Amino acid sequence: MQNSFTGLQIAGAFPATADKALQLYADAQYASPYAMSVFVALREKQLPFTLQTVDLDAAANLAPAYAELSLTARVPTLLHGTLALSESSAITEYLDEVFAGPRLYPQDPAQRARARQVQAWLRSDLMPIREERNTQVLFYGAKKAPLTTAGQAAAARLFRFAESLLAPGASSLFDGWSIADTDLALMLNRLALHGDPVPEALLRYAQVQWQRPAVQEWVALQRPPLAS
C-alpha cells in the first residue's frame, strides 16, 4: 500500500471523537469520483481527517491488509475507530448521521430520499459516459474520441434526468447544497470539461458546483503523471 499522504492532517472545525480519528483512503492519482465525493463530504462537514493513498495501478488495493480493512478491496474506505467502511454513499450517509455540522443530505425526508436516488443512479448507470469520458478528462485534461452512439444516448439520458430535477435557474437540486449536487456535477463535467455539448442550464449548474471550495481542494491536489 502506497501512503504518499502519511501523517497529513486536514483540519476541520468540528473534531472527530478523541478516540476515533478519521482516516480516508483514496486512490494515488486522486481520480476516483467516489473518493472525491467522500473527501468533499468531510470538508463540507468540517471534520479533520488523515488522507492516505492506495496505488491501484500497483494493485495495492488487493494486498491482504487493505482488502481485509475495506471488505471490497476498493477505494474509498473511511476508518473511524474500529469501523472501516467502504462504498462512498454509505460513507457520506454515515458521516451525516454521526457528526454534527453542515448537513450533507436534505433535512426533508422526501428530498433526502431523492438525493440518495441521484447517488445510486449515477453509480449504477451511464457506463458509456464513464468509459468514454473517464476521470482523466476531469483531473488531467485528457482529450478523447467523439462519443459513440451509446455515449450520446447515455448523455441524453443524463440530461433528461438532471433537467427533470433541477428547477429553472437553480444552482442546487434541493433547498440547499447536498452531496448529490457534487456527484451530479461531476458526471455532467465529464462532458462539459471535455467540450462536449451540454444544455446551458446544466452547464451553469455544473460550473457553480465545481467551484465549491471543497471541490476545488480536491481538484488542486498534486497528482502523479499518468502512466505512459
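This is a guided tour of a predicted model, arranged as a series of selections to make in the viewer.

**First selection: the nonpolar cores**

Begin with L42, L95, L158, L184 and W218, which are the residues with the most contacts inside the largest nonpolar core, a set of 59 residues. Then add helix α8, residues 179-192, since the largest share of this core, 9 residues, comes from that helix. With the core on screen, centre the view on L158 and display its surroundings: setting aside neighbours within four places in sequence, L158 is in contact with W121, L122, L126 and I129, and also with L184, M187, L188 and L191. As general background to this view, nonpolar side chains in soluble globular proteins tend to be buried together. Before moving on, select Y25, A60, V75 and A84, which are among the 7 residues of a second core, separate from the largest one.

**Second selection: helices α4 and α7**

Next, show residues 109-124 as helix α4 and residues 149-165 as helix α7, whose axes come within 13 Å and cross at roughly 175°. Because that angle is over 145 degrees, the limit above which a pair counts as roughly antiparallel, α4 is described as roughly antiparallel to α7. Turn on side chains for R114, V118, W121 and L122 in α4, and for R157, L158, F161 and L165 in α7, as these are the residues that meet between the two helices. Colouring the contact by residue class gives 6 nonpolar, no polar and 2 charged residues. L158, the centre of the previous view, therefore appears again here, on the α7 side of the contact.

**Third selection: the salt bridges**

The count of salt bridges in the model comes to 10, and three of them are visited here. In general terms, side chains of opposite charge can pair when their charged atoms come close.

Select K45 and D96, which form a salt bridge whose closest N and O atoms are 2.6 Å apart. This pair links distant parts of the chain, with K45 in the loop between α1 (33-44) and β3 (49-54) and D96 in helix α3 (residues 88-98), 51 residues apart. Are these two residues buried or exposed? K45 is buried, at a relative accessible area of 1%, and D96 is buried as well, at 10%.

Keep D96 selected and add R103, with which D96 forms a further salt bridge, the closest N and O atoms here being 3.7 Å apart. R103 is partly exposed, with a relative accessible area of 36%.

Now go to R123 and D183, whose side chains meet in a salt bridge at 3.1 Å, N to O. This pair also links distant parts of the chain, R123 being in helix α4 and D183 in helix α8, 60 residues apart. D183 counts as buried, at 9% relative accessibility. To close this part of the tour, select K45, D96 and R103 together, since salt bridges that share partners join these residues into one network.

**Fourth selection: backbone details**

Switch to a backbone representation and select V75 and P76, which are joined by a cis peptide bond with omega at about 0°. P76 is found in the loop between α2 (64-70) and β4 (77-80), while V75 has already been seen as a member of the second core.

Then check the phi angle of Q46, which is near 60°, a positive value in a residue other than glycine. Q46 is found in the loop between α1 and β3, and is partly exposed, with a relative accessible area of 30%. A further positive phi, about 80°, belongs to E87, which is likewise not a glycine. E87 lies in the loop between β5 (83-86) and α3, where this residue is partly exposed at a relative accessible area of 33%.

**Last selection: two distances**

Select G101, in the loop between α3 and α4, where the residue counts as partly exposed at 32% relative accessibility. How far apart are the C-alpha atoms of G101 and E44? They are separated by 8.5 Å, although the two residues are 57 residues apart along the chain.

Finally, select R204 in helix α9 (residues 200-210), which counts as partly exposed at 43% relative accessibility. A C-alpha to C-alpha distance drawn from R204 to E217 comes to 20 Å, for a pair 13 residues apart in sequence.

Technical notes. Residues are numbered from 1 along each chain as its sequence is written. This is a predicted model: local features need pLDDT of at least 70, side-chain atom pairs count only at pLDDT 80 or more; totals for chains, interfaces and linings use all residues. Side-chain values use heavy atoms; hydrogens and water are left out. A nonpolar core is a set of buried Ala, Val, Leu, Ile, Met, Phe, Trp, Tyr and Cys residues joined through side-chain atoms within 4.5 Å. Buried means under 20% relative accessible area, exposed over 50%, partly exposed in between (1.4 Å probe, protein chains only). Helices (H or I, at least four residues) and strands (E, at least two) are DSSP runs, numbered from the N terminus. Contact means heavy atoms within 4.5 Å. Axes are lines fitted to C-alpha atoms, for helices over the stretch in contact, and angles run from 0 to 180 degrees between N-to-C directions. Angles under 35 degrees count as roughly parallel, over 145 as roughly antiparallel, 65 to 115 as roughly perpendicular and the rest as oblique. Ala, Val, Leu, Ile, Met, Phe, Trp, Tyr, Cys and Pro count as nonpolar, Asp, Glu, Lys and Arg as charged, and the others, Gly among them, as polar. A salt bridge is a side-chain nitrogen of Lys or Arg within 4 Å of a carboxyl oxygen of Asp or Glu.
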